[in-house]
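Please find below some points on this model, set out in the order in which I would suggest reading them. They concern helix packing, strand pairing and the surroundings of a single side chain.

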There are 2 protein chains.
Amino acid sequence: MSLSETLSALSDKNRRHILDTLKKGEMPVSLIAKDMDITLPTLSHHLDILKRNKLISSRREGQQIIYSLNLSVVEEAAESIMKFLKK
Amino acid sequence: MSLSETLSALSDKNRRHILDTLKKGEMPVSLIAKDMDITLPTLSHHLDILKRNKLISSRREGQQIIYSLNLSVVEEAAESIMKFLKK
DNA sequence: TAGATAGTTAGATGTATATCTAAATAATAT
DNA sequence: ATATTATTTAGATATACATCTAACTATCTA
């Protein structure tokens, strides 16, 4: 993923909220949705964007789809951003 | 400026190019425009966005308008982003 | 004061994106 | 098989944004 796309992904407050939530550990969509004031389709859309940017991963477990943070990718993104801002 | 707005400002490649260019020192628009493949109005638009986010400043000097990087604000932005990504 | 130079502002256009409702898919339970 | 639960996909809408050309403003110079 390009830096532009990563920064764009991070620029949305709802998506940052999702990442924050997933820092507590992997969890299904229904749990992520708790205390987010958006519909499930909208949440699904944001999850898709984060996934396309590799910031999160998902796996199915029964009826649920469990999302988890890709910590290493987030770290790499942080590196890239720092590298740009501080260089 | 909010983190969302700052990240959004940074998510555009042309705007990052402008910031990169201004790291070399303050300069007029005409110089920033060198080796950027966009029209002056488009450049002006990007400068305006960076300015609204306080990442750069400008002053008039005769016919020219000199832009300069607000290093402290860029540093603060870096801090905010790190604070979010690493927390 | 007229013309040239440096940039911005106005207005139009096309594309991207955040959001919603409704419909579809997948897995489980009855 | 049917209904229920969990989530995604489709389709519509409204807003934001990057870009351009044309017109404007400000400054300097002849």
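1. The model is a predicted one, and I begin with the helix contact in chain B. On the α2(B) side the residues that take part are B:Asn14, B:Arg15, B:Ile18 and B:Leu19, and these meet B:Leu43, B:His46, B:Leu47, B:Ile49 and B:Leu50 of α4(B). By class, the residues of this contact between α2(B) and α4(B) comprise 6 nonpolar, 2 polar and 1 charged.

2. As for the geometry of that pair, the axes of helix α2 (residues 13–22) and helix α4 (residues 40–52) of chain B come within 10 Å of each other and cross at roughly 75 degrees. Because angles of 65 to 115 degrees count as roughly perpendicular, α2(B) is described as roughly perpendicular to α4(B).

3. Turning to chain A, there is an open sheet of 3 strands in the order β1-β3-β2, with antiparallel pairing. The edge strands are β1 (27–28) and β2 of chain A, each of which pairs on one side only. Helix α2 (residues 13–22) of chain A packs on this sheet and touches β1, β2 and β3 of chain A, while its direction makes about 90 degrees with that of β3(A).

4. Within the sheet, strand β2 (residues 56–61) and strand β3 (residues 64–69) of chain A are joined in the antiparallel sense over 6 bridges. The register can be followed through individual partners in β3(A): A:Ile56 is bridged to A:Leu69, and A:Ser57 to A:Ser68. The two strands form a hairpin with 2 residues between them, and in the turn A:Gly62 has a positive phi of about 70 degrees.

5. Which residue of strand β3 (residues 64–69) of chain B deserves a separate look here? I would choose B:Tyr67, which lies in that strand and touches B:Leu22, B:Glu26, B:Met27, B:Val29, B:Ile32, B:Leu47, B:Lys51, B:Ile56, B:Ser57 and B:Ser58, when residues up to four places away in sequence are not counted. The relative accessible area of B:Tyr67 is 9%, so this residue is classed as buried.

6. A last remark concerns sequence separation: B:Tyr67 and B:Ser30 are 37 residues apart along the chain, and their C-alpha atoms are separated by 10 Å. Among the contacts of B:Tyr67 is B:Leu47, a residue of α4(B) that also takes part in the meeting of α2(B) with α4(B).

Notes
Residues are numbered from 1 along each chain as its sequence is written. Chains are lettered from A and ligands numbered from 1 in the order in which they are written. This is a predicted model: local features need pLDDT of at least 70, side-chain atom pairs count only at pLDDT 80 or more; totals for chains, interfaces and linings use all residues. Side-chain values use heavy atoms; hydrogens and water are left out. Axes are lines fitted to C-alpha atoms, for helices over the stretch in contact, and angles run from 0 to 180 degrees between N-to-C directions. Helices (H or I, at least four residues) and strands (E, at least two) are DSSP runs, numbered from the N terminus. Angles under 35 degrees count as roughly parallel, over 145 as roughly antiparallel, 65 to 115 as roughly perpendicular and the rest as oblique. Contact means heavy atoms within 4.5 Å. Ala, Val, Leu, Ile, Met, Phe, Trp, Tyr, Cys and Pro count as nonpolar, Asp, Glu, Lys and Arg as charged, and the others, Gly among them, as polar. Two strands pair if DSSP finds at least two bridges between them. Buried means under 20% relative accessible area, exposed over 50%, partly exposed in between (1.4 Å probe, protein chains only).
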